[in-house]
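User: Please take a close look at the enclosed empty space in this structure. What lines it, and what else can be said about the parts around it?

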Amino acid sequence: MKMAETVDRDGGLPEDLLITILMALPAKCLVRFRSVSKYWNSLITSTEFINIHLAQAKPLLLFHHHNQSYSLRLDNESLDMWSNSEFELPSKREDDDFQIIGSCNGVICILNTLQDHGQSIILWNPSIGKSLNLALPRLSDPFRGIFGFGFNRQSNDYKFVRVVTPQYPVGCHVYSVKKRSWKAIDVSPALGCIKPIPSVLWGRSSSYNYAFLNGVLHWIVDREEFGSRFVLSFDLRNDSFGKVMLSPYLASKLDEWMSILVYDNSVSLFLNDLDTRYIEIWALKKYGAMKLWARKIRINAVGIGLAMVCRQNGEILMTRYPSDEVVSCDPQSKEIRDLKKLGLSDYAGSFVESLALLDELKETENGKVEITQSATSAVSSFKCFH
Amino acid sequence: MSSSTDSPTLTTETTQLSPQPDTETAKPTKKITLKSSDNQIFEVEESVAMEFATVKSFFEDSPSTDTVPLPNVTAKPLSQVIEFCKEQIKFKANPDEAQKKKYNAEFVTEKSDKDLVDMIPVANYLEIKDLLDVLNQAVADRIENKSVEYVRSFFGIDNDFTAEEEAALRREHAWAYEGVDED
């Protein structure tokens, strides 16, 4: 007969049983209970606990609205308002301009422009009220960036990526939260001179449009000199770039609205032709060693803007153009339903309440300062890009 | 429905069974004896005892036993766990999710903090998944909006932080201490 572990600590509860109780608590509560005891503190801030907590978190959706507010809803049929959804932005100064780049594991990546005419990145976990500020290595003016943010499960590390365009050879800066430092990545000159595809009309720049799947970031880019389009990928596991060609059909659609998202657990392209009034989704599927673009959806639809995020039930949240009202598109029935209660949104993405970043910088009280310093000091080593 | 629970679980290796025919299958209410670590004896119906995965596998391993010793379980939480499982058997026979939810809620509401915490290792040891879920959620609900001091006394934990260490943690996450219920 198997004997139960009898660790007489904290009400006589063995650690695995204490963990199951703590798992049922919201992140804010866990942050507070760090001060119960040294044991609780080390348990709650351990990477293992943070990862188990993340794995059982309820799927939520994060919205950014026209009135600059944020809201969180449960990713269920009725998209119920999430009870803990009131959160405030990290301190914002008068001239700050926040733009959500994306979110991963409950950490929201925000690009702050205008601040002293430079740019900085804020990694913000609203569930635990923690944010990290990263000063971006400065660039001289005509250069722009395409951005992405993701998590490398193998090294348990959040990474922010900026690819500098148009510039030859392509420049790239990667910030590792774990290492607290920037790194310049050499990009093969074979990529040529690339730039983000023309910005979509509704104000959301294609610079922030990426799909993150299984540790790899994907953007749609245009190759400057030939006017050809392809999907640029960046693998966070080994900091390497890759290239996925488009099918001749997709490559011919240069004049249509195109964006990238994760759909059907695949990197997918959303195609929106206002003239012929249809929307299409093409998913990048693996067939043995081959990767091919397969058309998953074609729906006759008028006045659709952006495909924002795929829901748990397989529906896709989209916006109406130009109003930015939110609609839910069911690919099976091809039905597009209005979701008036969601208001006007220019961003929606998957979100979870998590303890991510709680284990960062815990050894130093002034960790926040340190990260800014290391980020700033790294800037000097990027003079070659100026 | 209930007839299926009347026959004891037999494995293919039951050649050691006593020679006389097994008359127990005919009895509608076979009792099983559980013995707590403080030597209290509990006679429970077999169907209830079979809710305890640990007891069930004990019988599968040694079918001829009539008393199951539970060396990690004291009498009080055991009696409460039995009380819970008796009700669950009824819901198995007549499924009524609303009533079951109501009963589960009442079951935990009337228990003291200590009773709840004491039952958790028992439910875990006896592998009663439903009860474990109910208890975990109940404990989480009781401490969710509470202060750190409340949680320490709830679990009987000594504060081993120095005043400076605790103050530093509270400073770091001051907002997490807002909106907490009165103890």
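Analyst: The answer below starts with the cavity and then turns to a surface patch and two annotated domains. The model is predicted.

One cavity of 30 Å³ or more is present in the structure. Its volume is about 90 Å³. Rolling a probe the size of a water molecule over the atoms is what shows where such empty space is left.

The lining of this largest cavity is made by residues of chain A: A:Ile50, A:Asn51, A:Leu54, A:Phe151, A:Asn156, A:Tyr158, A:Ser354, A:Ala356, A:Leu357, A:Asp359 and A:Glu360. By class, six of the lining residues are nonpolar, three are polar and two are charged. The greatest contribution to the lining comes from helix H4 of chain A, residues 47-55, which supplies three residues.

Chain A also has a nonpolar patch on the surface. A:Tyr287, A:Met290 and A:Leu292 make this patch, which covers about 310 Å². Of these, A:Met290 lies in strand E19 of chain A, residues 290-300.

For chain B, the UniProt record, an unreviewed entry, gives two domains. It places "SKP1 component POZ" at residues 30-87. That stretch of chain B is 45% helix and 26% strand, with its end C-alpha atoms 18 Å apart. The record also places "SKP1 component dimerisation" at residues 129-176 of chain B. Over residues 129-176, chain B is 69% helix and 0% strand, and the end C-alpha atoms are 32 Å apart.

Key: Residues are numbered from 1 along each chain as its sequence is written. Chains are lettered from A and ligands numbered from 1 in the order in which they are written. This is a predicted model: local features need pLDDT of at least 70, side-chain atom pairs count only at pLDDT 80 or more; totals for chains, interfaces and linings use all residues. Side-chain values use heavy atoms; hydrogens and water are left out. Patches are made of residues with over 30% relative accessible area and no salt bridge: like charges are joined within 9 Å, nonpolar side chains (Val, Leu, Ile, Met, Phe, Trp, Tyr) within 5 Å. Accessible areas come from the Shrake-Rupley method with a 1.4 Å probe; for residues, only the protein chains shown count as cover. A salt bridge is a side-chain nitrogen of Lys or Arg within 4 Å of a carboxyl oxygen of Asp or Glu. Helices (H or I, at least four residues) and strands (E, at least two) are DSSP runs, numbered from the N terminus. UniProt positions are given in the numbering used here, feature names are shortened, and annotations may be inferred rather than shown by experiment. On a 1 Å grid over the protein atoms alone, a cavity is a set of points where a 1.4 Å probe fits but cannot get out, and a pocket is an open set with protein on both sides within 12 Å along at least five of seven lines; lining residues have an atom within 4 Å of a point. Grid points are joined across faces, edges and corners, and a volume is the space filled by probe spheres set on the points. Ala, Val, Leu, Ile, Met, Phe, Trp, Tyr, Cys and Pro count as nonpolar, Asp, Glu, Lys and Arg as charged, and the others, Gly among them, as polar.
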